[in-house]
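Trainee: I should like to learn how the terms used for a protein structure are justified. May I put some questions to you?

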Amino acid sequence: MRYIAFSLPTGIGAQIGGYAGDIGYIVREFSKYFKVVVNPNAVNGGILSAINSNMYYVEGYAFDEFLCGNIKLIYPDKPNKIGVLFDCAIPKNILNVHFNTINAMKVVQGLDIISPMMTKVPVGVEFSIKNNVSSGTILNPQTLLEGAKNLIENGAKALAVVCYFGKDADDEDYSNGSGIDPIGGVEAVISHFITKEFKIPCAHAPAFFDVDISQKIENPKVASECISSTYLPCILQGLEYAPKYSDKGIGCKEIEYMIVPNAALGSKGVLAALENNIKVCAVKNPSKLNIGCDKLKSSDILCFDSYDECLEYIKKD
């Protein structure tokens, strides 16, 4: 089986994939023909997930480290034990919804989830959109490290983190399918922080003040976020078989192609791919970024008008 990498950066407002799992069906199409190393943002869809057994679910920081050649990936031969860390700021009624979600995933899908833990103090999530990119900070990062460490010591091989975002995460443009995910950037900050520290698969799901499910027709790009009161299921499904980060296994030298939006070519992962002779495919997919081939000044990038065109090219190569 051939290997490729598929990247959809978080919080850049990509026309396809900048919302709620709305590029998942495209990743699944690539996975019919290749093993796909994919960042969670490309397959997460709230209560739904596009993940399958031909995908390596790799957190964004680890995704870049992999392409840099600093780590390799080992697909687990059995499901990961998943630890879930909750922000202690989450109100009890919202927390109960998440506990029900965990129990449902254990019963229906047989996920191996150990007893959840709470942070000792509120995480303190702050989020914003700066320079057309979603970003943010966490006020008490140490409490995340302490909680994650306890879960790992209790046997967790992958970590799901749920932080409290309160009331103020709504963004009308995003909800209409034309804006930037206001919380995507700080979610990446959280997962990067834990992954970098513990070298373990990690993904984040937000918890909000309200658990109401929308009763109106929403934009299809965000619909998967509107049919459930929790976004935890998609990350639990991704983490179940998320690969181990190691010095053995599949390395960047096995990756033939990296697929990325054509205006998001300035990332560490793209630059590493070019450095390591991975063919970078820039697919037309407008976003709020504007770092294309002209700014990168590289002639080693293949350009495509659509993901279908890109897939057909790689299949024939």
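Mentor: Let us begin with one residue of this predicted model. Leaving aside neighbours within four places in sequence, Tyr 75 is in contact with Ser 53, Met 55, Tyr 56, Tyr 241 and Pro 243.

Trainee: What makes these residues contacts of Tyr 75?

Mentor: Contact requires heavy atoms within 4.5 Å, and the five residues Ser 53, Met 55, Tyr 56, Tyr 241 and Pro 243 are in contact with Tyr 75. Met 55 shows how sequence and space can be set side by side: Tyr 75 and Met 55 are 20 residues apart in sequence and 9.4 Å apart in space, C-alpha to C-alpha. Tyr 75 itself is placed in the loop between strand S6 (72-74) and S7.

Trainee: Why is Tyr 75 called partly exposed?

Mentor: Its relative accessibility is 26%. Buried means under 20% and exposed means over 50%, so Tyr 75, at 26%, counts as partly exposed.

Trainee: Which aromatic cluster includes Tyr 75?

Mentor: Tyr 75 forms one aromatic cluster with Tyr 3, Tyr 56 and Tyr 241. A search of the whole structure finds 12 aromatic pairs, and two rings count as a pair if their centres lie within 6.5 Å.

Trainee: What makes Lys 315 a charge over the face of Tyr 33?

Mentor: The distance is 4.3 Å from the ring centre. The cut-off for the distance is 6 Å, with a further limit of 35 degrees from the ring normal. Lys 315 is thus listed as lying over the face of Tyr 33.

Trainee: Why is the protein chain called as compact as a globular protein of its length?

Mentor: The chain has 10 helices and 16 strands. Its radius of gyration is 18 Å, close to the 20 Å that the globule rule gives for 317 residues, so the chain is as compact as a globular protein of that length. The C-alpha atoms fill a box of roughly 55 × 45 × 35 Å along the principal axes. Buried residues make up 53% of the 317 residues.

Trainee: How do you know that S1 and S2 pair?

Mentor: Pairing needs at least two bridges. Strand S1 (residues 3-6) and strand S2 (residues 35-38) are joined in the parallel sense over 4 bridges, so they satisfy the requirement. One of the partnerships is that of Ile 4 with Val 36 in S2. These strands belong to an open sheet of 6 strands with parallel pairing, in the order S5-S2-S1-S14-S15-S16.

Trainee: What makes S5 and S16 the edge strands of that sheet?

Mentor: Strand S5 (55-57) and strand S16 (301-304) each pair on one side only. Neighbouring strands of this sheet are turned by 25° against each other on average, direction ignored. Helix H10 (residues 307-316) lies across S1, strand S14 (255-261), strand S15 (279-283) and S16, at about 170° to S14.

Trainee: How do you know that S7 and S8 pair?

Mentor: Strand S7 (residues 82-86) and S8 have 2 bridges in the parallel sense. The requirement is at least two, so this pair meets it. Phe 86 has Met 118 in S8 as its bridge partner. The open sheet that contains them has 4 strands in the order S8-S7-S11-S12, with parallel pairing.

Trainee: What makes H7 mostly covered?

Mentor: In helix H7, 9 of its 9 residues are buried. Among them are Leu 232, Gln 237 and Glu 240. Each is therefore under the 20% limit of relative accessible area. Helix H7 (residues 232-240) lies across S7, S11 and S12, at about 165° to S11.

Trainee: Why are Lys 199 and Asn 277 given separate labels, one partly exposed and the other exposed?

Mentor: The 50% limit decides the matter. Lys 199 has 47% relative accessibility, so it counts as partly exposed. Asn 277 has 68%, so it counts as exposed. Lys 199 is in the loop between helix H6 (184-198) and S12, with phi near 55°. Asn 277 is in the loop between helix H8 (268-275) and S15, with phi near 60°. Each phi is a positive value in a residue other than glycine.

Definitions and conventions:
Residues numbered from 1 in each chain as written. Predicted model: local features only at pLDDT ≥ 70, side-chain atom pairs only at ≥ 80, totals over all residues. Heavy atoms only, no water. Axes fitted to C-alpha atoms, helices over the stretch in contact; angles between N-to-C directions. Phe/Tyr/Trp six-rings, centres within 6.5 Å; stacked < 30°, edge-to-face > 60°. Buried < 20%, exposed > 50% of the residue type's maximum accessible area, 1.4 Å probe, protein only. Rg over C-alpha atoms; globule rule 2.2 N^0.38 Å.
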